[in-house]
Amino acid sequence: MRWIQMSCESSNIHSVEGNVSRIRRQFVLLAEIAGHPVGFCCAITGRTSSDPLFIQLVTVVPSVQKQGVGSALLSAIAHWQPHRDIAMATMDTNLAAYKFNERLARSIGGTIQSVPRNRFRPTDLGITRDEKHRPWLITRPQETN
Ligand SMILES: CC(C)(COP(=O)(O)OP(=O)(O)OC[C@H]1O[C@@H](n2cnc3c(N)ncnc32)[C@H](O)[C@@H]1OP(=O)(O)O)[C@@H](O)C(=O)NCCC(=O)NCCS
């Protein structure tokens, strides 16, 4: 995980202990190509069953971006909690991340919308409280009986 953190622009580099602690507290999914780690995704579930799944971080090493790795990670995370809506935050300037999340919404038949900054706790979204991040909510399609 540290190797990917060193290679990815949007990820802070954490100590081994910090990463172990994160893996204990969160759902962490690692993507590999031919045995080499190339990306990871961290998520937590909300406290109640009606709370969303919070995607706190998804990052792919630059050399294999735009080859479907990020989508594969998000798809696996989305299937892990198939009944929860999905929330995440992106930097206002990160159009690629928005397009990426929009694609996830489409792939699960959901809709993505911007929600007020105070809708979710920054710690659930994995961000610090600031004006640069915009929270999003992907609403799953209604289940039919
Ligand atoms: C965002 C990120 C995780 C996407 O991972 P990826 O493996 O490159 O994404 P995919 O190849 O699965 O692309 C899926 C979709 O995302 C969108 N997308 C990905 N990169 C994009 C870019 N540079 N510009 C515009 N759209 C982009 C496209 O809609 C793409 O679908 P398409 O190929 O059908 O057009 C990766 O670019 C990354 O690690 N960026 C730095 C970290 C970051 O910004 N993380 C997100 C916020 S936490």
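**View 1. The residues gathered around the ligand.** In this predicted model, 21 residues surround the ligand, and the ones that come nearest are Gln65, Gly70, Ser71, Ala96 and Phe100. Three elements each give two or more residues to this shell: strand β3 (53-60), helix α3 (69-80) and helix α4 (95-107). Which of them gives the largest share? Helix α4 does, with five residues. By character, the shell holds nine polar, eight nonpolar and four charged residues.

**View 2. The open sheet of six strands.** Follow the sheet from one side to the other and you meet the strands in the order β1-β2-β3-β4-β6-β5, with mixed pairing. Strands β1 (27-33) and β5 (111-114) stand at the edges; each has a single partner strand, so one side of each is left without a neighbour in the sheet. From one strand to the next, the twist averages 25 degrees. As a reminder while you look, strands of a sheet pair through backbone hydrogen bonds, and the pairing may be parallel or antiparallel.

**View 3. Strands β1 and β2, and the loop between them.** How do β1 and β2 run, parallel or antiparallel? They run antiparallel, and seven bridges join β1 to β2 (residues 36-45). One bridge to pick out pairs Phe27 with Ala43, which lies in β2. In the loop between β1 and β2 you will find Ala34. Its phi is near 50 degrees, a positive value in a residue other than glycine. Ala34 has 5 other C-beta atoms within 10 Å, so this residue is exposed.

**View 4. Helix α3 lying across the sheet.** Helix α3 lies across β1, β2, β3 and β4 (86-91), and runs at about 35 degrees to β2. The 12 residues of α3 should span 16 Å at 1.5 Å a residue, and the end C-alpha atoms of α3 are 17 Å apart, which agrees. Which residues of this helix are buried? They are Val69, Gly70, Leu73, Leu74 and Ala78. The cover over the buried residues of α3 includes strands β1, β2, β3 and β4, together with helix α4. Gly70 therefore appears in two of these views, as a buried residue of α3 and as one of the residues that come nearest to the ligand.

**View 5. Leu73 and its contacts.** Now zoom in on Leu73, which has its place in helix α3. Is Leu73 buried or exposed? There are 24 C-beta neighbours inside 10 Å, so Leu73 counts as buried. Leaving aside residues up to four places away in sequence, Leu73 touches Leu29, Ala31, Gly39, Cys41 and Val58. For a sense of scale, take Gly18: Leu73 and Gly18 are 55 residues apart in sequence, and their C-alpha atoms are 22 Å apart in space.

**View 6. Lys66, in the loop between β3 and α3.** The loop between β3 and α3 is where Lys66 is found. What is special to look for in its backbone is a positive phi of about 65 degrees, although Lys66 is not a glycine. With 9 C-beta neighbours inside 10 Å, Lys66 counts as exposed.

**View 7. Helix α4 and the glycine after it.** Helix α4 has 13 residues, which should span 18 Å at 1.5 Å a residue; the end C-alpha atoms of α4 are 18 Å apart, which agrees. After α4 comes Gly109, with a positive phi near 70 degrees.

Key. Residues are numbered from 1 along each chain as its sequence is written. This is a predicted model: local features need pLDDT of at least 70, side-chain atom pairs count only at pLDDT 80 or more; totals for chains, interfaces and linings use all residues. A residue is near a molecule or strand if its C-beta atom, placed from the backbone, lies within 6 Å of it. Helices (H or I, at least four residues) and strands (E, at least two) are DSSP runs, numbered from the N terminus. Ala, Val, Leu, Ile, Met, Phe, Trp, Tyr, Cys and Pro count as nonpolar, Asp, Glu, Lys and Arg as charged, and the others, Gly among them, as polar. Two strands pair if DSSP finds at least two bridges between them. Axes are lines fitted to C-alpha atoms, for helices over the stretch in contact, and angles run from 0 to 180 degrees between N-to-C directions. Two residues are in contact if their C-beta atoms, placed from the backbone, lie within 7 Å. A residue is buried if 20 or more other C-beta atoms lie within 10 Å of its own, exposed if 12 or fewer, and partly exposed in between; C-beta atoms are placed from the backbone. The expected span of a helix is 1.5 Å times one less than its number of residues.
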